[in-house]
Amino acid sequence: MSIYITDMENDEFKNIWELYGVRENPFTTNPILVKGGTLPQECFVGREEQIKRLKRILGSRGGSRTLVYGDVGVGKTSFVNIVRAQAVDAGYFTPFKEITVHADWGPDQFILNTLEAFYATLRMVGDSKPVSDETLRKLTVLIEFESPNQQSAGLTLGPVGASYGTGMAAAQVRPTLTLYRLFAELVEEIRQHTRKEIVIHYNNLENLPTEHLRGLFNQLRDFIQTPHVHFIFVGNQSVHASFQVMPRVSSILTDTPIQIGNLAIEEIRKVIQIRFEKLRIGPDITYVVPFTDGALDALYELFGGNMRYILNSFDAAIKEATGERPIRLDKALLASTLKKVAERRYLDKLPPRASHILLEAVKHDEITNRHLSRKTKVARSNVSKYVKDLCERGCMYLRRKDGKDKYWSVEPRIRWYLLREDAEKEKQRKMTEF
C-alpha cells in the first residue's frame, strides 16, 4: 500500500530553524556532553571558579567524593561534563555518559549500572581501551547476557571468582561485595594502563526518596571510598539537605558541596549568541536571533534566571509564532504568544474554580493549601481536592514538605500567563503617561 503525503503535511515537518540561519534548535535544553552531543563544548559559559575548584579536587591523588547541587535547570550536568571532558584530555578515564540514578535501585543495581557505564565506554574507545580483551569479554558476560534461558556463566576477574546467573534480573542475587570487588579490580586495571585515576558522574539523586537515599548511601559507604576513583554526585537542594543529616556519608565528602546557581543575564545572552554562531548553517550565512533584549529581560525576571525555563519559553514562543518568515519577539509579542500557549495547554481545560486556584498559586514560588484557601476564599477541604486534580493534570507539583505542611509549586510554563499581565500593565502605564 502506498502512502502519499500532501504538501501541507510536508510543510508541517519543515525545520523552522533554517529560517533563522541555523541547522537545528539553538534553544535545546539538552546538556553539553563529554563526547558528541548537539552542542559543542564552546557553548558553555561561566562557572570559572567552580570549574577550578572541581579540577583541583580531581587533581588530588587517591580519589574523592563530591556533591554538586542546585535547582533544576541551572546547568549542573553540563558543568560536570565540561570538567570531565577536560579530565579525559588529561588522560583520566570516565564513562562518557553520566549515570542517572533510579528510585528503585539498591546497592547491587547501583554498582551494576556503574559497571555497565564502564562497559559502554570501553566498547566505544576500540583499540585504545585501557583494559585487556579478556576483561572486556568478562564484562560482556556480566552485562549483555540478559536472557533468562541462558546458562550461568563463570566470571573471574583477577583473584575473584563467582558464578553469576545471567541477565539484569540476576542482579537481585549477586552479592554486593562480589560486585564491589569486581569494580575495584576493573579500576585497578584501568589505572595501571592509564597511570591516571577514574571519574564517575551520578546524576539526578533527587530521584531517590529521602529515606531511600540515606539507606542506600549508608550501604554504599565502602564502595564510594574505592581508592583512585573520583565520585561526583549531582542533585538538587533536597539532596544537599539529606547529605547534611547523614554523618556517615557527609563525613567522607572530600570538600564542602559545590553549589551551582543561575547565570547572570549577560552570561545567558552570551550562551545563546554562541549557540547561534556554532549552529549556523554555513560561515557565509547570517543568522537571526529571534528576540529582543527586552524579551530576554522579561523571561529572566519571570524565572529568576533559570536558563532551562528561559530556553524552553523561547523555543515554545518561536515555534508558535513563526510562519513563512523569521520573526523577532519583543516583550509584548512574547507575552501574548506564550499566554495563548499556556491557555491552550492548561487553562482552557480546567473547570472555573480549579483555574481560579491555579491562577492564584502561579503568583507564588510555593504555597500551602492553607494560604491558597485564605487567598481564594475557598474552603481548605475543597482547595485540597482542586490541588490534587491540578497535580494529576500536570499543572502543579509538590515542591517540599515542612512538618505537616505541604508546599506546592506551579508547572513553570504556566507562569507564562504572568507575562501577559506584565505586558498589559506596561501598555496601560505608557497610555497614562501619554
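Visitor: What makes helix α12 stand out in the lining of the largest cavity?

Guide: In this predicted model, helix α12, which runs over residues 307-321, gives the most to that lining, with three residues. The lining includes Y309, N312 and S313, whose numbers fall within the 307-321 of α12.

Visitor: Which other residues line the largest cavity, and how do you know how many of the lining residues are nonpolar?

Guide: Besides those three, the cavity is lined by F303, E411, P412, R413 and W416. The lining divides into four nonpolar, two polar and two charged residues: F303, Y309, P412 and W416 count as nonpolar, N312 and S313 as polar, and E411 and R413 as charged.

Visitor: How many cavities of 30 Å³ or more does the structure hold, and how much space lies in the largest?

Guide: The structure holds one such cavity, and about 50 Å³ of space lies in the largest cavity.

Visitor: Why are helices α2 and α3 called oblique to each other?

Guide: The axes of α2 (residues 48-59) and α3 (residues 76-89) come within 10 Å and cross at roughly 50°. Angles under 35 degrees would count as roughly parallel, and those of 65 to 115 as roughly perpendicular; roughly 50° fits neither range, and the two helices are therefore oblique. Their crossing is right-handed.

Visitor: What makes the contact between α2 and α3, and how do its residues divide?

Guide: Helix α2 brings Q50, I51, L54, K55 and L58, while α3 brings F79, I82, V83 and Q86. These residues divide into six nonpolar, two polar and one charged, with K55 as the charged one and Q50 and Q86 as the polar ones.

How values were computed:
Residues numbered from 1 in each chain as written. Predicted model: local features only at pLDDT ≥ 70, side-chain atom pairs only at ≥ 80, totals over all residues. Heavy atoms only, no water. Axes fitted to C-alpha atoms, helices over the stretch in contact; angles between N-to-C directions. Helix = DSSP H or I, 4+ residues; strand = E, 2+ residues; numbered from the N terminus. Parallel < 35°, antiparallel > 145°, perpendicular 65-115°, else oblique. Left-handed = near helix turned anticlockwise from the far one by under 90°. Contact = heavy atoms within 4.5 Å. 1 Å grid on protein atoms, 1.4 Å probe; cavity = no way out; pocket = protein on both sides within 12 Å on 5 of 7 lines; lining within 4 Å. Points joined across faces, edges and corners; volume = space filled by probe spheres on them.
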